[in-house]
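Me: Could you take a close look at one part of this model for me, the place where the two chains meet? I would like to hear about the charged pairs in particular.

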2 protein chains.
Amino acid sequence: MRKLVNDPFAVVDEMLDGIVAAHGSEIVRTPRGRGLVLAKRDPARRVGVIVGGGSGHEPAFFGALGPGLADGAAVGNVFASPSATPAVEVARALAPPDGVLFLFGNYEGDIMNFGMAAELLADEGIASETVLVTDDVVSALDHPSERRGVAGDVIVFKAAGARADEGAGLAAVAAAAQHANDRTRTVGVGLGPCTVPAAGRPTFDLPAGEMDVGMGVHGEAGIRRGPLAGADVVADELLDIMLADRAPDAGESVLVLVNTLGATPLMEGYIVLRRIVERLASAGVPVHRSLVGEYVTSLEMIGLSVTLVHLDDELRRLMDAPARPLAGPGFGTEWR
Amino acid sequence: MRKLVNDPFAVVDEMLDGIVAAHGSEIVRTPRGRGLVLAKRDPARRVGVIVGGGSGHEPAFFGALGPGLADGAAVGNVFASPSATPAVEVARALAPPDGVLFLFGNYEGDIMNFGMAAELLADEGIASETVLVTDDVVSALDHPSERRGVAGDVIVFKAAGARADEGAGLAAVAAAAQHANDRTRTVGVGLGPCTVPAAGRPTFDLPAGEMDVGMGVHGEAGIRRGPLAGADVVADELLDIMLADRAPDAGESVLVLVNTLGATPLMEGYIVLRRIVERLASAGVPVHRSLVGEYVTSLEMIGLSVTLVHLDDELRRLMDAPARPLAGPGFGTEWR
């Protein structure tokens, strides 16, 4: 492994030590160590927005803590769901008047553990709602509600955070998150694997010069493998899959997010964005905002994903609201 | 190559198209295309802060454009200096009352081309000063002024931007940049190479399981090669080299910057930061601020660097001033 780690089984706890060392004035770690809570929260918020999932996707999910975004995060082992404990601890620490909203990608382990947390919290009188992120188009082409969550996570987090900042109650914040999810589509491409430290070997085989179109953020196989094509050809294929799944309505604008997976240079993200924006422009689809960078990575996986968010007036407002993530490339709204 | 590119010789221009597609409301591209200028500048600034260097280090250098930071950037080919043209075009576009300050790493090509730009601008009546970044300790252990510039770039840019925001004149802004550089030390470690698209082969050979201590951001050899050690052992070696070069003065605090090179996950950056902060704490050196992320990358090189900034009152003030980079992890000051 070409990795700077100590004990491969301690990477998450040591990473959390580092996160607290870097951001300790902004966040607090929960008693058992796997939950993070924003230290200064907006008192106007009635709902606590809690995100989470496995580690290895940094800056997701801790990076989404911050004003305009999430209030807390539950942190799992590498590519594994957090247990119920951090979600419960984070919710208790927040204790918001209207309850908490759990946001995470549609994976079995996360559903089980956040579900258990919700039950435990209900016993304590803390209400909760859950919205699953399901943006990965090819993971269930014909069954949108069964799709996995990938880079669209951060769009759903952003929508919920902005709505919570408006003082909305739990049902309304959950509805905003669900609405953002319903209008968000992602397709990825994998060019090379990563190695989970505790496993010590690559998560999948993919020879150099080949690509996996539609690959998920844990290396889940996509819809086809083939020779690696040029950036524009790949961008076109990803975009065409998304547009076939949902064409923009007349008068609609889109947000484009190019998420680089970990080892793919930012340079390539911008090259792909350029093509996506060109294609949308020639199709007459206005691009409201474009984001490029490492939002939801997969350790050192090679590849990227393209996300389209079909914006209506509500989503435009929520995407344009100011937000300052603890880590990560941000939403282009910190300039306001 | 596991790369999403079109023509390998067009990667920089296509990247710049993408940068303008993403950030076009904040920046303007100069006529010949290789210069970027902040669209809305602080009218109180008397000095234009211009940064630059080769591409392949994204988010450096374009990411350093922004309030509190740089006003313009000159962009070269991958790992190659920009020509004089973008520096001249950016300076003309800025036309600040007190002239421009050029900030770049200490590399021959950059010195030659920015020097040529300075001469051309002098003929047009635009004054300029230059401060070279020389933070890479092992690149010239016994000759500090001959060291190369690496991740410390962004510290020097930040200091100059903050001083320019205070309305300082050209000599004072240059002095602040020089002061920041004099107090900044970096040591890197390389675990694996990158591939320049137009070259099509790795920049150097380094077997998996080995490391190069002191490696530069273009793969320049460091001071020793050996078996890859655990993260704490590596962190200790990097820190010890820096502390041997300059021990903290009594009462001094430091800023720590862990810069991941491109393919090294953020997780490993935080693990290394954790150890550096522990070590400094046990040595009684207060850590004023810690930063982790991709600030100055080397395409998909594997490795990272650790930077120490020895803060005095002036540098603390300049580092704490608000800043909002166009891209990249930021300075932890956007929370103010």
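Reply: Happy to help; here is a walk through the interface, followed by some charged pairs and the cysteines.

A word on the ground rules: this is a predicted model, in which local features need pLDDT of at least 70 and side-chain atom pairs count only at pLDDT 80 or more, while totals for chains, interfaces and linings use all residues. Residues are numbered from 1 along each chain as its sequence is written, chains are lettered from A and ligands numbered from 1 in the order in which they are written, and side-chain values use heavy atoms, with hydrogens and water left out.

Let's begin with the interface as a whole. In chain B, 65 residues are in contact with 65 residues of chain A, where contact means heavy atoms within 4.5 Å. The area buried between the two chains is about 5100 Å², and carbon and sulfur atoms give 66% of that. Buried area here is the accessible area (1.4 Å probe) that two parts lose on being put together, summed over both.

Now for the polar side of this interface. There are 14 residue pairs in polar contact across it, both residues being at pLDDT 80 or more. A polar contact is a pair of N or O atoms within 3.5 Å; within protein, one must be able to donate a hydrogen and the other to accept it, and residues adjacent in sequence count only if both atoms are side-chain atoms. On chain B, the elements that each supply at least two residues of the side touching chain A are helices H1 (11-23), H6 (231-245) and H7 (266-282), together with strands E7 (184-192) and E12 (302-311). Helices (H or I, at least four residues) and strands (E, at least two) are DSSP runs, numbered from the N terminus. The largest share, 10 residues, comes from H1(B). By class, this side of chain B has 40 nonpolar, 11 polar and 14 charged residues; Ala, Val, Leu, Ile, Met, Phe, Trp, Tyr, Cys and Pro count as nonpolar, Asp, Glu, Lys and Arg as charged, and the others, Gly among them, as polar.

Next, the charged pairs. The count between chain B and chain A is 6 salt bridges, a salt bridge being a side-chain nitrogen of Lys or Arg within 4 Å of a carboxyl oxygen of Asp or Glu. One of the pairs joins B:Glu268 to A:Lys3, at 3.8 Å from N to O. In another, A:Asp17 meets B:Arg274, with the closest N and O atoms 3.9 Å apart. That pair runs from helix H1 (residues 11-23) of chain A to helix H7 of chain B. A:Asp17 is partly exposed at 33% relative accessible area, whereas B:Arg274 is buried at 7%; buried means under 20%, exposed over 50%, and partly exposed in between (1.4 Å probe, protein chains only).

For a view within chain B, look at B:Arg45 and B:Asp165, a salt bridge whose closest N and O atoms are 2.8 Å apart. B:Arg45 lies in the loop between strands E2 (35-38) and E3 (48-55) and B:Asp165 in helix H4 (residues 153-165), so the pair ties together parts that are 120 residues apart in sequence. B:Arg45 is buried, at 8%, and B:Asp165 is partly exposed, at 28%.

Finally, the cysteines: there are 0 disulfides over all chains, counting pairs of cysteine sulfur atoms within 2.5 Å. A:Cys194 is buried at 0% relative accessible area, and B:Cys194 is buried at 1%.
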